[in-house]
Amino acid sequence: MITDQPIVLGIETSCDETAVGIVRGRHLLANVISSSVEEHARFGGVVPEVASRAHLEAMPSVIAQALREAKLSIDDVDAFAVTAGPGLIGALLVGVSAASGLALGQGKPLYGVNHLSAHVAVDALESTGDIAPAIGLLVSGGHSSILQIGDITQDVRTMGQTIDDAAGEAFDKIARILGLGFPGGPAIDLEARSGDPSAIAFPRGLTQAADLVAHEFDFSFSGLKTAVARYLAQTPNHIRADVAASFQEAIVDVLLQKALKACAQTGIDNLVIAGGVAANSRLRELAQLRSAKAGVHLSTPTPALCTDNGAMVAILGSLALEKGAKPSEIGICADSSPGLARVIF
Ligand code: KG4
Ligand code: ZN
């Protein structure tokens, strides 16, 4: 490891994970996550106020543990990075305040970074080359987008996105109907392993010729959700694993159809799949098969780096530093819905 590269500490608090990652250049030194997911489980979704309070409580110890893991002191940190949006505003504010205070107190630069870009940027921790140019399939609890990435620190464009639910949200909602608990993605992934993915032909949203005119790279999962609910109501003796596997297959199929079409249409033969849903085992398996067939190089971060974490924030801060990007102002505002208009705030 090259030891003269800058050390960046990244803080992530956009949803229910209080997470701190530390990198040296492109090498991961620490990745500590404290989740409040169990406090939200009985509500079937994340309660923003509960999440914000949990971030406040966890922040000091998560930072301390990350520094311990990296065998560093706060004085060794050369720059701070933080998720500034999109996300839950109260939750984001805790991270932005913590990072701003640290940057100001330590007299070091601050990078407010875009959560969506950070999900993709995490790939730089595991691959040797440049991420871009690439097509990004970003699939999380809040977003499902196809991105054209020219430069992960400043040129990320949306080619298409969901017009209703995010992919992760669809997993969470169907898991609830199936009685599989929250968060639903990992539960459906597990249940589907003993089911038949071709048992039920659930609809593939926005894949018909008529839909493609206006929505070539967009997604829609609300029709699928209704179809699963209707199937369950009409089929009292359904096999739960078959429903889970068939539902998962319908989502995964559409995500990959459109992502690989984006590669073909742009001539970009590099696909990065990122975000919480990228941890899905069937998505990873089918992505391997179809990318190989299409001659597209595929990157999928290890599952632990797909769901929200601090390492992804730290590495995007580090890449921004490497590019000589202008640091953010101390006192930046968290922004709950910037889309991808800003990568560095
Ligand atoms: O990226 P993430 O951790 O948080 C957001 O930025 O939203 O994504 C969380 C989402 C949840 O909806 C969760 O159910 C889904 O990712 N997820 C999965 C899997 N693991 C997490 N979905 C499908 N299969 C999985 N194995
Ligand atoms: Zn996320």
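The predicted model holds 15 salt bridges. Three of these pairs are set out below, with the separation of the nitrogen and oxygen atoms.

| Pair | N to O distance |
|---|---|
| E322 and R26 | 2.9 Å |
| K173 and E169 | 3.5 Å |
| R282 and E249 | 2.8 Å |

**Salt bridges between parts of the chain**

The side chains of E322 and R26 meet in a salt bridge. E322 belongs to helix α12, whereas R26 sits in the loop that runs between β2 (17-24) and β3 (27-35), so this pair ties together parts that are 296 residues apart in sequence. R26 has a relative accessibility of 21% and therefore counts as partly exposed.

R282 and E249 likewise join through their side chains. R282 is part of helix α10 (residues 281-294) and E249 of helix α9 (residues 240-266); with their positions 33 residues apart in sequence, the pair links distant parts of the chain. Are these two residues buried or exposed? R282, at 19% relative accessibility, counts as buried. E249 is also buried, with a relative accessible area of 11%.

The salt bridge of K173 and E169 lies within one helix. These residues are four apart in helix α5 (residues 167-177), which means that about one helical turn separates them. K173 is partly exposed at 25% relative accessibility, and E169 is partly exposed at 27%. Both residues belong to a network of salt bridges that links D165, E169, K173 and K225.

**The zinc site**

Which residues provide the protein donors of the zinc ion (ligand 2)? They are H115 and H119, each through NE2, and D308 through OD, and they lie 2.0 to 2.1 Å from the ion. Along the sequence, the donor residues follow the spacing H-x3-H-x188-D. H119 is in helix α4 (residues 115-121), while D308 is in the loop between α11 (303-306) and α12 (311-322), so the pair ties together parts that are 189 residues apart in sequence. H119 counts as buried because its relative accessibility is 1%. D308 is buried as well, with a relative accessible area of 13%.

**Two domains and their interface**

The protein chain is divided into two domains: domain 1 comprises residues 7-126 + 306-322, and domain 2 comprises residues 134-301. The centres of domain 1 and domain 2, taken over C-alpha atoms, are 27 Å apart. Each domain brings 20 residues to the contact.

The size of an interface is often given as the accessible area lost when the parts come together. For domain 1 and domain 2 this buried area is about 1,600 Å², and carbon and sulfur atoms give 78% of it. In domain 1, the residues that lose the most area to domain 2 are L116, V120 and C306, which together account for 36% of what that side buries.

How many salt bridges cross the interface of domain 1 and domain 2? The rule finds zero there. The count of residue pairs in polar contact between domain 1 and domain 2 is two. On the side of domain 1 that touches domain 2, α1 (37-41), α4 and α12 each supply at least two residues. Helix α4 gives the largest share of that side, with five residues.

**Two residues with distant contacts**

N31 is found in strand β3 and is partly exposed, with a relative accessible area of 23%. Although N31 and A311 are 280 residues apart along the chain, their C-alpha atoms are separated by 5.8 Å. A polar atom of the N31 side chain lies 3.4 Å from the backbone nitrogen of A311. Leaving aside neighbours within four places in sequence, N31 is in contact with V20, G21, E69, L305, N309, G310 and A311.

I74 is located in the loop between α2 (48-70) and β4 (79-85). At 21% relative accessibility, I74 counts as partly exposed. Which residues does I74 contact, leaving aside its neighbours within four places in sequence? They are L67, F80, L102 and Q106. I74 and Q106 are 32 residues apart in sequence, and the distance between them in space is 8.2 Å, C-alpha to C-alpha.

Key: Residues are numbered from 1 along each chain as its sequence is written. Chains are lettered from A and ligands numbered from 1 in the order in which they are written. This is a predicted model: local features need pLDDT of at least 70, side-chain atom pairs count only at pLDDT 80 or more; totals for chains, interfaces and linings use all residues. Side-chain values use heavy atoms; hydrogens and water are left out. Donors are N, O and S atoms within 2.8 Å of the metal (3.2 Å for Na, K and Ca); water is not among the atoms, so sites may look incomplete. Buried means under 20% relative accessible area, exposed over 50%, partly exposed in between (1.4 Å probe, protein chains only). Domain bounds come from an automatic or database domain assignment. Contact means heavy atoms within 4.5 Å. Buried area is the accessible area (1.4 Å probe) that two parts lose on being put together, summed over both. A salt bridge is a side-chain nitrogen of Lys or Arg within 4 Å of a carboxyl oxygen of Asp or Glu. A polar contact is a pair of N or O atoms within 3.5 Å; within protein, one must be able to donate a hydrogen and the other to accept it, and residues adjacent in sequence count only if both atoms are side-chain atoms.
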